[in-house]
Amino acid sequence: MQNKLTFQGEAGANSHLACTEAFPDMEPVACPTFEDALAAVKNGNARYAMIPIENSVAGRVADIHHLLPDAGLYIIGEHFQRVRHQLMAKPGTKLRDIKRVLSHTQALGQCRNTLHKHGLMPHPEADTAGSARIVSESSEPSLAAIASTLAAKTYGLEILLENIEDETHNTTRFIILANEPDDADPEAGQVITSFIFRVRNVPAALYKALGGFATNDVNMTKLESYQTEGTFNATMFYADVEGHPSQRPVRLSLEELAFFSNEIKILGTYPASPYREQAARRASGQTG
């Protein structure tokens, strides 16, 4: 198996940065689309794919929920990446010279206060790292980009303003996908189980289907719906719960879910990131 890890985007993207932090000994491979990143793993050209699934500011990442069921891959881990945006330009450029700033729409929106403060005009591009590349290749002296520190290093740009994001909690959750399941040990600590399901077409089906998680005291940390098959009546749900299917509360909950569902597919059972506990402590005001 090749020691490669795929991500969607250009070199220097936040996904690239997440790969280097989570797997420093693996070779990150940039892919133009999410489909390409997943296919490389399915075809045996890479060991893992690292895909963003949600952001604490922008919400879920589009398309991912549609791709996961048919990808034929398994979630074997998760990684939470703190997103820090840097304003960068060609070396020697002064902040007062900048007029236009290129970046992904979400990044521009997440740095709205800084852009407004300095009177900078946002200009949306396909992604953050691509914006840094465009600036590095441009001869326009009033151009800058918002991207990662890795993008600045990759494209030889100078950071003019550091960490300019408006929200300090800006964090992206990534899932790590492999060709084979690698289920976590249920006794080895906190475990997350991810699955998709489609409820039967009966009154209150969703309410009834989820009732087992409440009665068995299983914490559901994520539940999202999305449409399939180009219709408005074929709804799939993506969910994360705390616990392992081999544990009685989770097993009973999934059995009740199955009774009210036409389809259930476990996407993976994997160790919970330490970030979850850290975030819970911060939310409760604990410092230890």
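## A tour of the predicted model

Start by selecting helix 3 and picking out Ile64, His65, Leu67, Leu68, Pro69 and Ala71, the buried residues of this helix. The model on your screen is a predicted one. Helix 3 covers residues 64-71, and six of its eight residues are buried, so the rest of the structure largely encloses it. Now step one residue past the helix. There sits Gly72, which follows helix 3 and has a positive phi, near 70°.

**Stop two: the largest pocket**

Select Gln8, Pro52, Val61, His104 and Gln106. Of the 32 residues that line the largest pocket, these lie nearest its centre. The space inside comes to about 690 Å³.

Next, colour the elements around this pocket. Helix 1 (14-22), helix 2 (34-42) and helix 4 (105-110) each give at least two residues to the lining. Strand 3 (48-55), strand 4 (59-60) and strand 11 (171-178) each do so as well. Then colour the lining by class. You will find eleven nonpolar, 15 polar and six charged residues.

**Stop three: the second largest pocket**

Which residues line the second largest pocket? Select Glu54, Asn55, Ser56, Phe80, Thr171 and Arg173, then add Thr221, Lys222, Asp240, Tyr275, Arg276 and Ala279. Strand 3, strand 11, strand 13 (220-227) and helix 10 (274-284) are the elements that supply two or more of them. Helix 10 makes the largest contribution, with three residues.

The volume here is about 250 Å³. By class, the lining holds three nonpolar, four polar and five charged residues.

**Stop four: helix 9**

Select residues 248-259. This is helix 9, twelve residues in length. From first C-alpha to last it reaches 17 Å, close to the 16 Å expected at 1.5 Å a residue.

Which residues of helix 9 are buried? Show Val250, Ser253, Leu254 and Leu257. They fall on the same side of helix 9, because they cover an arc of only 95° around the axis. Turn to the other side of the helix, where Arg248 and Phe259 are exposed.

Now bring in the surroundings. Among the elements that cover the buried residues of helix 9 are strand 12 (191-199) and helix 8 (205-215). Strand 14 (235-242) and strand 15 (261-271) also belong to this cover.

**Stop five: three loop residues**

Go first to Ser246, in the loop between strand 14 and helix 9. Ser246 has a relative accessible area of 48%, so it counts as partly exposed. Add Glu187 to the selection. Glu187 and Ser246 are 59 residues apart in sequence, and their C-alpha atoms are 10 Å apart in space.

Move on to Asp217, in the loop that joins helix 8 to strand 13. Is Asp217 buried or exposed? With a relative accessible area of 72%, Asp217 is exposed. Check its backbone too: phi of Asp217 is near 60°, a positive value in a residue other than glycine.

Finish at Asn163. Look for this residue in the loop between strand 10 (158-161) and strand 11. Asn163 also has a positive phi although it is not glycine, with a value near 45°. Its relative accessibility is 39%, so Asn163 counts as partly exposed.

Conventions
Residues numbered from 1 in each chain as written. Predicted model: local features only at pLDDT ≥ 70, side-chain atom pairs only at ≥ 80, totals over all residues. Heavy atoms only, no water. 1 Å grid on protein atoms, 1.4 Å probe; cavity = no way out; pocket = protein on both sides within 12 Å on 5 of 7 lines; lining within 4 Å. Points joined across faces, edges and corners; volume = space filled by probe spheres on them. Helix = DSSP H or I, 4+ residues; strand = E, 2+ residues; numbered from the N terminus. Nonpolar A, V, L, I, M, F, W, Y, C, P; charged D, E, K, R; others polar. Expected span 1.5 Å × (residues − 1). Buried < 20%, exposed > 50% of the residue type's maximum accessible area, 1.4 Å probe, protein only. Arc of directions from axis to C-beta. Contact = heavy atoms within 4.5 Å.
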